[in-house]
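Please look through the sequence and the model below before reading on. The report that follows moves from the overall fold to the interior, and then to particular pairs and places.

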Amino acid sequence: MAIEVGAVVEGEVTGITNFGAFLQLPEGKVGLVHISEVSNVYVKDVRDFLKEHQKVKVKVLSIDPNGKIGLSIKRLEPVPDVQTKRPEGRPFRAARPGGSERGFANDRRAARPQPAGPLSFEDKLSRFMKESDDRQLDLRRNTESKRGGRGASRAR
């Protein structure tokens with residue numbers, strides 16, 4: 001069977017690196033499964049998922065003109081069910097940089113109501129710009145009070 005983009009082939013792991021695993025494919029060819037294509041879950045170390053001489057089924061993602069073959073294991077796995085609601089039915093909220101966990105107890109952004117349902121791109125962009133402006137204003141206020149030189153703090 002010829003190796004072509006989209007084909008599913010079986011290969012043997014011949015080497016593992018920090019960025020992925022090399023596989024020996026049929027016809028004596030070698031391909032790489034990048035760390036991002038090993039599993040649907042976060043992969044910190046490829047060695048936690050693959051061992052040398054292990055046989056695995058992979059999908060061929062790309063073949064470049066130099067003969068490099070890009071492979072994926074995760075594209076053959078079923079897509080995991082991502083839970084988008086908390087058990088009580090409230091949606092998850094991502095942690096905000098500079099939020100209350102860093103000591104800003106009276107954060108205005110936390111009290112802002114979140115619209116229900118999907119947002120259009122323009123709405124998302126508008127909300128992002130408003131939040132970004134708020135964050136920059138907070139940052140400026142914080143840093144300007146700390147910039148005062150020696151003259152501001154000493155009375156002569």
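What share of the contacts in the protein with a separation of 6 or more is accounted for by residues 24 or more positions apart? Such residues account for 49% of those contacts, and this value, like every other in this report, was computed from a predicted model.

## Overall build

The protein contains 3 helices and 5 strands, and when it is read along the sequence these elements follow the pattern β-β-β-β-β-α-α-α. Of the 156 residues in the protein, 22% are buried. The surface that the protein exposes comes to about 11800 Å², and carbon and sulfur atoms supply 54% of that area.

## The nonpolar core

In soluble globular proteins, nonpolar side chains tend to be buried together. The largest nonpolar core in this model has 19 residues, and those with the most contacts inside it are Leu 23, Leu 25, Val 46, Val 58 and Leu 71. Two or more residues of this core come from each of strand E1 (8–17), strand E2 (20–24), strand E4 (55–63) and strand E5 (69–72).

Leu 23 is a useful residue to follow in the 3D view. If its neighbours within four places in sequence are set aside, Leu 23 is in contact with Gly 11, Glu 12, Val 13 and Thr 14, with Lys 29, Val 30, Gly 31 and Val 33, and also with Val 56, Val 58 and Leu 71. Two of these partners, Val 58 and Leu 71, are also listed with Leu 23 among the residues that have the most contacts inside the core.

## Salt bridges

The count of salt bridges comes to 6, and the table gives some of them.

| Salt bridge | N to O distance |
|---|---|
| Lys 55 and Glu 12 | 3.4 Å |
| Arg 47 and Asp 45 | 3.5 Å |
| Asp 134 and Lys 130 | 3.4 Å |

The side chains of Lys 55 and Glu 12 meet in one of these salt bridges. Because Lys 55 lies in strand E4 and Glu 12 in strand E1, this pair ties together parts that are 43 residues apart in sequence. Lys 55 is exposed, with a relative accessible area of 52%, whereas Glu 12 counts as partly exposed at 25% relative accessibility. Glu 12 also appears among the contacts of Leu 23 described above.

The partners Asp 134 and Lys 130 are 4 residues apart in helix H2, and are therefore separated by about one helical turn. Asp 134 counts as buried, since its relative accessibility is 9% and the cut-off for buried is under 20%, while Lys 130, at 46% relative accessibility, counts as partly exposed. In the bridge between Arg 47 and Asp 45, Arg 47 is partly exposed at 36% relative accessibility, and Asp 45 is likewise partly exposed, at 27%.

## Aromatic rings and a surface patch

A pair of aromatic rings is described by the distance of the centres and the angle of the planes. A search of the whole structure finds 1 aromatic pair, which is formed by Phe 19 and Phe 22 in an edge-to-face arrangement, with 6.2 Å from centre to centre and 85° between the planes. Phe 19 counts as partly exposed at 42% relative accessibility, and Phe 22 counts as partly exposed at 29%.

Nonpolar side chains are found on the surface as well, where Phe 121, Leu 125, Phe 128 and Met 129 make a nonpolar patch of about 440 Å². Phe 121 has its place in helix H2 (residues 121–147), and at 60% relative accessibility Phe 121 counts as exposed.

## Two positive phi angles

Most residues other than glycine have a negative phi, and most peptide bonds are trans. Glu 27, which is not a glycine, nevertheless has a positive phi of about 65°, and Glu 27 is placed in the loop between E2 and strand E3 (30–34). His 53 is another residue other than glycine with a positive phi, near 70°; His 53 is found in the loop between E3 and E4, and counts as exposed at 59% relative accessibility.

Glu 27 can also be viewed together with Ala 2, since the C-alpha atoms of these two residues are separated by 8.1 Å although the residues are 25 apart along the chain. Ala 2 is found in the segment before E1, and counts as partly exposed at 47% relative accessibility.

Conventions: Residues are numbered from 1 along each chain as its sequence is written. This is a predicted model: local features need pLDDT of at least 70, side-chain atom pairs count only at pLDDT 80 or more; totals for chains, interfaces and linings use all residues. Side-chain values use heavy atoms; hydrogens and water are left out. A nonpolar core is a set of buried Ala, Val, Leu, Ile, Met, Phe, Trp, Tyr and Cys residues joined through side-chain atoms within 4.5 Å. Buried means under 20% relative accessible area, exposed over 50%, partly exposed in between (1.4 Å probe, protein chains only). Contact means heavy atoms within 4.5 Å. Accessible areas come from the Shrake-Rupley method with a 1.4 Å probe; for residues, only the protein chains shown count as cover. Patches are made of residues with over 30% relative accessible area and no salt bridge: like charges are joined within 9 Å, nonpolar side chains (Val, Leu, Ile, Met, Phe, Trp, Tyr) within 5 Å. A salt bridge is a side-chain nitrogen of Lys or Arg within 4 Å of a carboxyl oxygen of Asp or Glu. Rings of Phe, Tyr and Trp (its six-membered ring) pair if their centres lie within 6.5 Å; planes under 30 degrees apart count as stacked, over 60 as edge-to-face and the rest as tilted.
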